[in-house]
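Good morning. I will go through one structure today, a piece at a time. Please have the sequence and the 3D view open.

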Amino acid sequence: MDEHAGPGVFFNNNNSSSSSSPLLQAGGRGAAADSDGGEAGRAQYSIPGILHFLQHEWARFEVERAQWEVERAELQAQVAFLHGERKGQENLKKDLVRRIKMLEYALKQERAKYHKLKYGTELNLGEMKAPSFDSEEANEKETSGSLNNQLSWKQGRQLLRQYLQEVGYTDTILDVKSQRVKALLGLAGDGTGDRSGQEPLLNGTDTDPLALGPLSDSSSVLEAFFIESAAAEFSDEDDEEDSEGKEKTIVDSRTVSRSDDPDAEEALKDFDFLSNTEDMDTSPESRSAGDGTDWEKDRQAWDVDQGLITKLKEQYRKERKGKKGVKRPNRTKLQDMLANLRDTEEPSSLQPSITPPPRPNANRFNEHDSSHTDEVEAITFPPSSGKAFIIGTEEAMETGELGLGELAGLTVANEADNLAYDISNNKDALRKTWNPKFTLRSHFDGIRGLAFHPVEPVLITASEDHTLKMWNLQKTTPAKKNASLDVEPIYTFRAHRGAVLCVVMSNTGEQCYSGGLDGTIQCWNTPSPNIDPYDSYQPSVLRGALCGHTDAVWGLVHSSAHQRLLSCSADGTVRLWNASNPQAALAVFNENKDLGLPSSVDLVCSDPAYMVTSFNNGRIGLFNMETRQQVLNMESTVESGASCQINKVLSHPTLPITITAQEDRHIKFYDNNTGKLIHSMVAHLDAVTSLAVDPNGLYLMSGSHDCSIRLWNLENKTCIQEFTAHRKKFDESIHDVAFHPSKCYIASAGADSLAKVFV
Amino acid sequence: MVMAEGATVVRRNRPGTTAKYIQQNIRSDCSNIEKIMEPPEGQDEGVWKYEHLRQFCLELNGLAVKLQTECHPDTCTQMTATEQWIFLCAAHKTPKECPAIDYTRHTLDGAACLLNSNKYFPSRVSIKESSVAKLGSVCRRIYRIFSHAYFHHRQIFDTYENETFLCHRFTRFVMKYNLMSKDNLIVPILEEEEEEEEEGGQNPSTGESEA
């Protein structure tokens, strides 16, 4: 009945066929179809229809068969792999059992010797014969299976190797690691083997085909030890820790890491002396798992031997200590990490993840420790940890010493720190060193002032050669010699009749203003940054001159809020101008030169109605521009009549602080509200000539005649970077420094007629 | 290394000191051309010529500023001095017939680029032999600014010359170091001086100049 319904279903059914039990489904649908239009379906039987159906079914069967083949291949691979693993485990067990037998034998020997020495008679312990490994091996070989199993075991090994390579371990690293593990195991074995003096080292008897297998497994054993020891040592500092808890950790980690092999576990417990160095006496007693041997008691009876063991353990412990990082987190955190490690390791690499050598695990712990203490989720780190611990191992491999784990650990920890830092301090663009990038040569004489365009990578320089030049930092000429690129100016502003001393740009960059020795302030319309340098002359670039000052204009500042311009001049006055309409000055301050000659002027950024002026006698005055009154005279400590010229005054962009650059090498900070000196520091070896604050208000840059530019952190007033730029030209070096308001550029103007731009 | 005390210190291994020396002399008396022209002891001649040329370009800015007001592209559509020659601006890929004010600006900018270029003048303490030839071509082009100003904007020229004696100095400079051929020196400065000396009238010769 179902068979009949098949073709009908085929015709009526538009759904895609599923692979599982199609016939049954067809039957089900057929039943439904039958009630609907089974007769119609049956009536549609035709030869092509049947043929089509048969072909369709055949195709489906073929697809399924292919899938099953694939599945079977996978399963076979898995079987082979498991075989191999099982073989590995068996070998491990065999090794451990051999070791046990060896140690037992050695113990018996010792006991006999001891007894003989003590009592002078022979102790009859019964038959003491050296364990014969050959028969055991023969037995095991018989039980291990046929050639097929050997083959699959080999395949398994190949697979292991392949996985390890995927993880990133090359064979050489593996070998080195296994060597080291061998050495370590040999070291531990030497402690007991020396006394026996008869049995060769366990590892030494390994035959070649078994080399990788047991070693990597013994390294995994050791890795388990290390986990335990790491856990133990981490928990040493925990006050609440007791040996039970320690043991619990050990048992936990062991159950996590080891497969279900009760014999191996039992054997492993005996090696806990490797981890519990401090509580050696207590832990064997507290160990709840039954050993089945009377070993511990015997061990305690060996005073001499214990001493040696203890010594070895101390040595080993020191090595372990050296490998650890500085930070020691909680045991719970460690367990979390372990859990995370296990979880995250699974997808990346299969079982061989257990086999990677111990040190990188320890390193990873360190990294995770630091990551935990940095309070970043461990989950974010495994991808980097994968990379990090490889770096750790390579480094350890290169040094080839056991004790270099600390260095490797440090490397990894540092990387973690850097990562954490990057994540948290993404926007801190100035946490870097500035390097010279561009050199602007074209002026004939020293450059006195600099101004950056607010948005474009454009700079305007004002020079003593009566010109201003505009530079586009993206139009560089290929320089052959230095690393720094040469830039050529795209426009030359000519209008001043003397040296140009200062330049400012409006907040849009459309206009710029320059003040000169001739007492005029010229207003310019900034040409486009893409202008051709040798274009025809545009008289419209020069907007006009602001005349009023009778002597050199030393300082200019533009207020975008009010479209005003402030200028200070050697004629003693500070004048306020309307920037958009070049006319006579709106206001004049200090006309009678009470306060001295102003050397620099700035707008108070936190309060645009105020401006601060510094004078060449060291005084600083805060003025209210609306009331045209002086509000405050800053406390400038003038010592015994010696006045100190202030070269530059700057207002902090956000805080009510005024910063001054003094001729006596100091930089001083004043509070705008009280006028008190907040901080004073010797900043340079010569007069400080210029100041600039970065747009975020975090860093201060100062330039000085000692040819150096320094970057300061405004919070702790420490110097972050110093670089030497510009040559000294007759006692003068750097006249001006500036930050770009939006891009990552700083520029310095030199008396050697060069301007340098740093990135 | 020669170390000397005093205001006119010339330490030979310091770049920029020659420029300062020249500037000091000019500031003290700009009409005393002899003194300004006289190199100090042991001064390298190439460096002396270079620094002087830089100073000339610097001071010519003043003349250019003055010319900017009067010399418009519609009045002076070409760079000429006398009727004979039209000077083409060499600052472009192919020499272009720039209006006079453009020629002036481009020539000064081009001179600034050349004299400051790392390629030709990497050091201010010693000048490469191959670059000395460049000085001559710069002088030739700079001179045309003088000649154009003399013949087309006489008043500006005279005012400026009385302030700075720049053309006099330039002519002397060029002749002393043979940077240009005498035929090109069409601005009648020497003739005026000869007139003063000889008290005889001589017609200013109208020379011909090349592009």
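How many salt bridges does the structure hold over all chains? The count over all chains is 16. Keep in mind that this is a predicted model.

Before the examples, one general remark. Side chains of opposite charge can pair when their charged atoms come close.

Let me start in chain A. Arg98(A) and Asp95(A) form a salt bridge, with 3.9 Å from N to O. Both residues sit in helix H3 of chain A, which covers residues 47–119. They are 3 residues apart, and that is about one turn of the helix. Are these two buried or exposed? Arg98(A) has 5% relative accessibility, so it counts as buried, the cut-off being under 20%. Asp95(A), at 9%, also counts as buried.

Next is the pair Arg448(A) and Glu464(A), whose side chains meet in a salt bridge of 2.6 Å, N to O. This pair links distant parts of the chain, with the two positions 16 residues apart in numbering. Arg448(A) belongs to strand S2, residues 447–452, while Glu464(A) is in the loop between strand S3 (458–463) and S4. Glu464(A) is buried, at 16% relative accessibility. There is also a third partner to mention: Arg448(A), Glu464(A) and Glu732(A) are linked in a network of salt bridges.

Chain B has an example in a helix too. The side chains of Lys49(B) and Glu45(B) meet in a salt bridge, 4.0 Å from N to O. Why are they separated by about one helical turn? Because they are 4 residues apart in helix H3 of chain B. Lys49(B) is buried, with a relative accessible area of 10%, whereas Glu45(B) counts as partly exposed at 46%.

Now the interface between the two chains. The size of an interface is often given as the accessible area lost when the parts come together. Here the area buried between chain A and chain B is about 2900 Å², and carbon and sulfur atoms give 51% of that. Which three residues supply more than any other three of the area that chain A buries against chain B? They are Phe444(A), Arg494(A) and Tyr534(A), with 32%. In residue numbers, chain A brings 31 to the contact and chain B brings 32.

How many salt bridges are counted between chain A and chain B? The answer is 1. Arg494(A) pairs with Asp109(B), and their closest N and O atoms are 2.9 Å apart. So far, then, Arg494(A) has come up for buried area and for this salt bridge. Between the chains there are also 14 residue pairs in polar contact.

On the side of chain A that touches chain B, strand S4 (467–477) and strand S5 (485–494) each supply at least two residues. S5(A) gives the most, with 6 residues. By class, that side has 7 nonpolar, 9 polar and 15 charged residues.

While we are on chain A, there is an annotation to look at. The unreviewed UniProt entry marks "repeat: WD" at residues 440–481, 493–525, 546–587 and 681–722 of chain A. Take residues 493–525: the span is 0% helix and 58% strand, and its end C-alpha atoms lie 10 Å apart.

The last stop is in chain B. Where does UniProt place the feature "binding site"? The entry, which is unreviewed, puts it at Cys71(B), Cys76(B), His148(B) and His153(B). These four are spread over 83 residues of sequence, yet they cluster in space, with a largest C-alpha distance of 10.1 Å.

Cys71(B) lies in the loop between helix H3 (45–70) and strand S1 (79–80) of chain B. Its relative accessible area is 1%, so Cys71(B) is buried. Among the residues that Cys71(B) touches are Cys76(B), His148(B) and His153(B).

His148(B) is in helix H5, residues 129–152, and it is buried as well, at 1%. Its contacts include Cys71(B), Cys76(B), Met79(B) and His153(B).

His153(B) is found in the loop between H5 and helix H6 (154–164). This residue is buried, with a relative accessible area of 3%. The side chains of His153(B) and Glu70(B) are joined by a polar contact of 2.8 Å. His153(B) also touches other residues, including Leu67(B) and Cys76(B).

That is the end of the tour.

Notes
Residues numbered from 1 in each chain as written. Chains lettered and ligands numbered in written order. Predicted model: local features only at pLDDT ≥ 70, side-chain atom pairs only at ≥ 80, totals over all residues. Heavy atoms only, no water. Contact = heavy atoms within 4.5 Å. Buried area = accessible area lost by both parts, 1.4 Å probe. Polar contact = N/O pair within 3.5 Å; in protein donor to acceptor, adjacent residues only side chain to side chain. Nonpolar A, V, L, I, M, F, W, Y, C, P; charged D, E, K, R; others polar. UniProt positions renumbered as here; feature names shortened; annotations may be inferred. Buried < 20%, exposed > 50% of the residue type's maximum accessible area, 1.4 Å probe, protein only. Lists of a residue's contacts leave out its neighbours within four places in sequence.
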